[in-house]
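Trainee: Could you take me through one part of this model up close? I'd like to see how a pair of chains meets.

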Amino acid sequence: MQFTASQLAQIIQGVVEGDENVSVQSFGKIEEAKSGQLSFLSNPKYEEYLYSTDASIVIVNSDLVLKDKVKATLVRVSDSYSAFATLLDLYSKLRMSHHVGIEAKASIHSSAKIGKDVFVADFAYISANAEIGDNVKIYPGVFIGENVKIGDGTVINANVSIYHDCIIGKNVILHAGIVIGSDGFGFAPNPDGSYAKIPQIGNVVIEDNVEIGANTTIDRSTIGSTFIRTGVKLDNLIQIAHNVEVGENTVIAAQAGVSGSSKVGKYVMIGGQVGVVGHIRIADFTKINAQSGVTKSITVPKSSVTGTPAYNFSAMVRSQVLMRGLPDMLKRLEELEKEIELLKNKN
Amino acid sequence: MQFTASQLAQIIQGVVEGDENVSVQSFGKIEEAKSGQLSFLSNPKYEEYLYSTDASIVIVNSDLVLKDKVKATLVRVSDSYSAFATLLDLYSKLRMSHHVGIEAKASIHSSAKIGKDVFVADFAYISANAEIGDNVKIYPGVFIGENVKIGDGTVINANVSIYHDCIIGKNVILHAGIVIGSDGFGFAPNPDGSYAKIPQIGNVVIEDNVEIGANTTIDRSTIGSTFIRTGVKLDNLIQIAHNVEVGENTVIAAQAGVSGSSKVGKYVMIGGQVGVVGHIRIADFTKINAQSGVTKSITVPKSSVTGTPAYNFSAMVRSQVLMRGLPDMLKRLEELEKEIELLKNKN
Amino acid sequence: MQFTASQLAQIIQGVVEGDENVSVQSFGKIEEAKSGQLSFLSNPKYEEYLYSTDASIVIVNSDLVLKDKVKATLVRVSDSYSAFATLLDLYSKLRMSHHVGIEAKASIHSSAKIGKDVFVADFAYISANAEIGDNVKIYPGVFIGENVKIGDGTVINANVSIYHDCIIGKNVILHAGIVIGSDGFGFAPNPDGSYAKIPQIGNVVIEDNVEIGANTTIDRSTIGSTFIRTGVKLDNLIQIAHNVEVGENTVIAAQAGVSGSSKVGKYVMIGGQVGVVGHIRIADFTKINAQSGVTKSITVPKSSVTGTPAYNFSAMVRSQVLMRGLPDMLKRLEELEKEIELLKNKN
């Protein structure tokens, strides 16, 4: 991929200032970009780099007044950040645009239904009765179980495993190594202390526009479905247990875990390494700070909590500071005990 | 799969009440089941749903006295929950019963020994001198290293990696993405601050009836074996380090980790996101609460601990409550200091 | 593999004491070794086992004075531990020495460049314009994206996924299930509360002599690179977010996570399950205790911290002890309040 300044200006409706024919092949931050790269300046804090950057082209705001000479060709637009984002997006799409067709070493069951303009790489395995929508991309090593449905425009990266009966929506992005629909962790104790497996015969339903990070795991429901609602964003190495529901547009950072049957509301933000116990509810718009352990339902929307067990954010932060002051508190307590003793003896 | 009420009644030795020929294809909870689904009523708390459910068939206890009209066909048995569990189990087994045979695109080394009635999917890779027992199922993308032994009846889901020399018992269930036998994390510092790898030439031994969750990792021993004993149940994304032993029928929840050379006893319960340091012992029947950090051996069986560093459960819970009360304690301390000052001045 | 005592003695320049022709096939710890195994005695604490071991050959220090009869053949060398380590290393290399060549069911794009003496297993997938160095080993189920470069001598275990444009150095070891170069977790909020994906078009650069544990994930940078510097050792199930830099010879234990844009210094030691927030710096030689949550930059080299939020190690340990003493402190406080009341009434 290679674009000249005038080609870029046409795409983002900008005006070229400098060499129209200079071309770029990749992107760089203004403070570290090299020749052949495209960069942008939006935040005035970074303006100094504009005068020293090696980037070949820089997108800037149309109202920028230059204070010094600039080596790069400029493309002026009304909103440089949004124009740059547009180009990043275009680049990402172009990068995958030639991933179309079914490669020779894929394994597709004869009963599977495959949509239009699909990419199925070598070593992808599509089981009986699976249904793959249009424009879906399936990378090498992906396993798709029986009866699985994948919506239009979804991208499934390498080595993802999707167990039987699960349903994936449209325009979902699944990163490499994800497991969807493995058995929930359900066992009943036997009289001898061993455990009997409780069959997990439900599924996982992932709605549209969800993105899920690498090596995250989402277990199938015992009966019924584990739900990941529209627009949810999950980071890497997250555990979502059986029968959980994660509400619309909720965002969960890496290595967090939600235990069985808990319902996380909409627009919730969960920090990294958070643990949520089973069978509770988290109200909409709740913020849970990183590494917290949530042990009770949070019923008031827009709550903000931290710590283990998780508690009101500001109160807990104050307690954490005081905890570090405990040696001092103890000293003051001992001092008081001595003084009281003195006073008692005096009396 | 499809069963009529009279077929089901025969399997679970029940009595049909209603239409003998109505059929079901799947399962549902009584409060959300649809037409064509089978449900059950065991807990009297849910009885109200019996009179409104859309389930086509409901399994109930034989002594249930109806308080209203029921649309569904009933099958009466002595223990409705256990009859339902029997059917779930049957369903799970039937679901996989046609997964038999060796698919054309599997890769099996000529020196590997393969048992009877085995399933080996396309893109499964079985290395030299591996031994696969009878009735084993190996799904796509599974890697089985040299000299690995897999016991009868074991199921290995998609994209599991088992390194050379590891031994897996009978009737084990390995969920997708698990890694067994990767090198333990062992390095010796060089004089210049870099690290030299200590070769990890042991293996992992997993005994019978173990179930392991998705993307969990179990490292091989430096020398000797890392052991997962009979009946252990591990959830998803767990880390078991080299030279660890996890005792019989111990249960570990998701994202917990056990560091090198620690020995976890039998019938232990470890909560989610717990960390256990290296080179310690955990007594039998210990309960470790979620997110705890265990830093010392637990020598008394049936101990219950929580917190980081982990400590007696009830004492720690009291301390955690008091920690939240620290701002109040500080206020009371300051009040006392003032009063003492007053008293001292008075005297 | 099989070696006689005299063959071993030649390799490690030792002197045989006993049967020169006895042979060993594997290794064992002196306290549990069996016939046919090689063991060593270095630590005098274990000397008692020398007189009872079933090992066929034991490597001992040349100055060892026997106190009893020994069944095993001895090989005397100046440093028994280092001689044993040499043999372990040799064994590890021999074990993989026959993994050379390109297996028939691999998928290699015609534009990929493949070095000399490479191993590419069945079901490994090498994309367009990838460059694979000499002596690289690529196991089954590995996905290598477009334009990826792999340095000489690197070993990539089963089911690793490396996204496009990433660069892996020389003599790197990647364990099974690792994901390198998945999209960073970057989203911009839309006015309606949903999120727009920020394209992640950077890459991951892993320098020489790095080892990374099973199922660890390393996200690509938004722009530019996520860096894992020379000699870094990462354990299993670690999360390294986008734009992070992990400095030379830093060691990170299992299940730890480093959030976006943070810079971890050189020779840092990070314990298991540690969380590091985004956009901070960790000074060289810092030690971070297991399960800590680092919320602020650590600017002083050789710092040692623990707890959440992480704090000076010794001070925090004292506070943790005092926290367990809070019920006692509260009692003493209440006692003082009563006594003050008494004193006030007296006056």
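**A marked histidine, then where two chains meet**

Mentor: Let's warm up in chain A, keeping in mind that this is a predicted model. A:His242 is buried, since its relative accessible area is 13% and the cut-off for buried is under 20%. UniProt, in an unreviewed entry, puts the feature "active site" at this very residue, A:His242. You'll find A:His242 in the loop between strand 29 (239-240) and strand 30 (245-246) of chain A. Its contacts include A:Phe185, A:Asp219 and A:Ser261, and the side chains of A:His242 and A:Gln200 are joined by a polar contact of 2.8 Å.

Now for the pair you asked about, chain B and chain C. A turn of 120° with a shift of 0.1 Å along the axis lays chain B on chain C with an RMSD of 0.1 Å. The two copies are therefore related as by a three-fold rotation axis.

Where they meet, 66 residues of chain B face 61 residues of chain C. Together the two chains bury about 5,000 Å², with 62% of that on carbon and sulfur atoms. On the chain B side, B:Phe185, B:Tyr195 and B:Ile223 lose the most area to chain C, together 13% of what that side buries.

There's polar stuff too: 30 residue pairs are in polar contact between chain B and chain C, and the interface has 3 salt bridges. One of them links B:Glu339 to C:Lys344, with the closest N and O atoms 2.8 Å apart. As for which elements take part, helix 5 of chain B gives the most to the side touching chain C, with 8 residues.

Note on methods. Residues numbered from 1 in each chain as written. Chains lettered and ligands numbered in written order. Predicted model: local features only at pLDDT ≥ 70, side-chain atom pairs only at ≥ 80, totals over all residues. Heavy atoms only, no water. UniProt positions renumbered as here; feature names shortened; annotations may be inferred. Helix = DSSP H or I, 4+ residues; strand = E, 2+ residues; numbered from the N terminus. Buried < 20%, exposed > 50% of the residue type's maximum accessible area, 1.4 Å probe, protein only. Contact = heavy atoms within 4.5 Å. Polar contact = N/O pair within 3.5 Å; in protein donor to acceptor, adjacent residues only side chain to side chain. Least-squares fit on C-alpha atoms with pLDDT ≥ 70 in both. Buried area = accessible area lost by both parts, 1.4 Å probe. Salt bridge = Lys/Arg side-chain N within 4 Å of Asp/Glu carboxyl O. Lists of a residue's contacts leave out its neighbours within four places in sequence.
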